[in-house]
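Reader: I have a structure open on my screen and would like to talk it through with you. Could we take it step by step?

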Amino acid sequence: MEALCAPPRAEPLFDTRFPVSKDRIPPDRKTMSDWIDVVPAAELATDDHRIVDIDDTAIAVFNIEGEFFAIEDLCTHDYGGLAGGCVENGQIICPRHGAHFDIRTGEALTPPAYEPVATFPVRIHEGMVQVRDDRDD
Ligand code: FES
């Protein structure tokens, strides 16, 4: 299968100068530990992803060979967005400088990144892929 990726870009996808407003999140989704609907599971193809914002955190949810995983959409090297990078063999390649991360574990696999990206729990509920930010639980 051909890798899903975007052309290289010089600027981060996630611009921290303009954080996502909490006002964009519906009132019933503001609790950090709530499960957030992402996409119907049947609509997310292998190696594809969707991004959701939960309290100013961009989270990318991936389908890797029929299993779903979520990582923060923020490279630990220089804070560029990861989503849109090539996805190959369960790894995402940062589109800015080429660091590889394991989508299942968040582990940084190659320089110039050395720190893992945050991972988040994912579940399928009534056919819907859901994610939650459990870091403050
Ligand atoms: S910003 Fe990702 S490798 Fe540099």
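Author: Gladly; what follows is a set of questions and answers about this predicted model.

Reader: Let's start with confidence. What is the average pLDDT of the protein, and which stretch stays under 50?

Author: The protein averages a pLDDT of 84, and 76% of the residues score at least 70. There is a weak spot to keep in mind, for which the model has 23 contacts beyond four places in sequence. The stretch where pLDDT stays under 50 is residues 8–25.

Reader: Good to know before I set anything up. How many helices and how many strands are there in the protein?

Author: Reading from the N terminus on, the elements run β-β-β-β-β-β-β-β-β-β. The count is therefore zero helices and 10 strands, with strands taken as DSSP runs of at least two residues.

Reader: Which residue takes a positive phi in the hairpin of strand 2 and strand 3?

Author: Strand 2 (residues 49–54) pairs with strand 3 (residues 57–64) in the antiparallel sense, over six bridges. Isoleucine 54 stands opposite threonine 57, and two residues lie between the strands. The one with a positive phi, near 45°, is aspartate 55.

Reader: And which residue has a positive phi in the turn between strand 3 and strand 4?

Author: Six bridges join strand 3 to strand 4, and the two run antiparallel. Along this pairing, alanine 60 stands opposite isoleucine 71. The hairpin has two residues between its strands, and the one with a positive phi of about 55° is glutamate 65.

Reader: Now to alanine 70. Is it buried or exposed?

Author: Alanine 70 lies in strand 4 (residues 67–72), a strand in which five of the six residues are buried. A residue needs 20 or more C-beta neighbours within 10 Å to be called buried. Alanine 70 has 27 inside that distance, so it counts as buried.

Reader: Which residue in strand 8 is the bridge partner of alanine 70?

Author: Strand 4 pairs with strand 8 (residues 119–120) in the antiparallel sense, over two bridges. The contacts of alanine 70, leaving aside its neighbours within four places in sequence, include Ile59, Thr119 and Val122. Its bridge partner in strand 8 is phenylalanine 120.

Reader: What separates the C-alpha atoms of alanine 70 and valine 131?

Author: Val131 is among the contacts of alanine 70 beyond four places in sequence. The two residues are 61 residues apart along the chain. Their C-alpha atoms are separated by 7.3 Å.

Reader: Which strands stand at the edges of the sheet with the order 5-6-7?

Author: This is an open sheet of three strands with antiparallel pairing. Each edge strand has a single partner strand, so one side of each is left without a neighbour in the sheet. Between strand 6 (residues 91–93) and strand 7 there are three bridges, and glutamine 91 has aspartate 102 as its bridge partner. The edges are strand 5 (87–88) and strand 7 (100–102).

Reader: One more sheet, then. By how much are neighbouring strands turned against each other in the sheet with the order 1-10-9?

Author: Three strands form this open sheet, with antiparallel pairing. Strand 1 (36–40) and strand 9 (122–125) are its edge strands, each pairing on one side only. Ignoring direction, the average turn between neighbouring strands is 35°.

Reader: Which residue in strand 10 stands opposite isoleucine 124?

Author: Strand 9 and strand 10 (residues 128–131) run antiparallel and are joined by four bridges. Opposite isoleucine 124 stands valine 129.

Technical notes
Residues numbered from 1 in each chain as written. Predicted model: local features only at pLDDT ≥ 70, side-chain atom pairs only at ≥ 80, totals over all residues. Pairing = 2+ DSSP bridges. Buried ≥ 20, exposed ≤ 12 C-beta atoms within 10 Å, placed from the backbone. Contact = placed C-beta atoms within 7 Å. Axes fitted to C-alpha atoms, helices over the stretch in contact; angles between N-to-C directions. pLDDT = per-residue confidence, 0-100.
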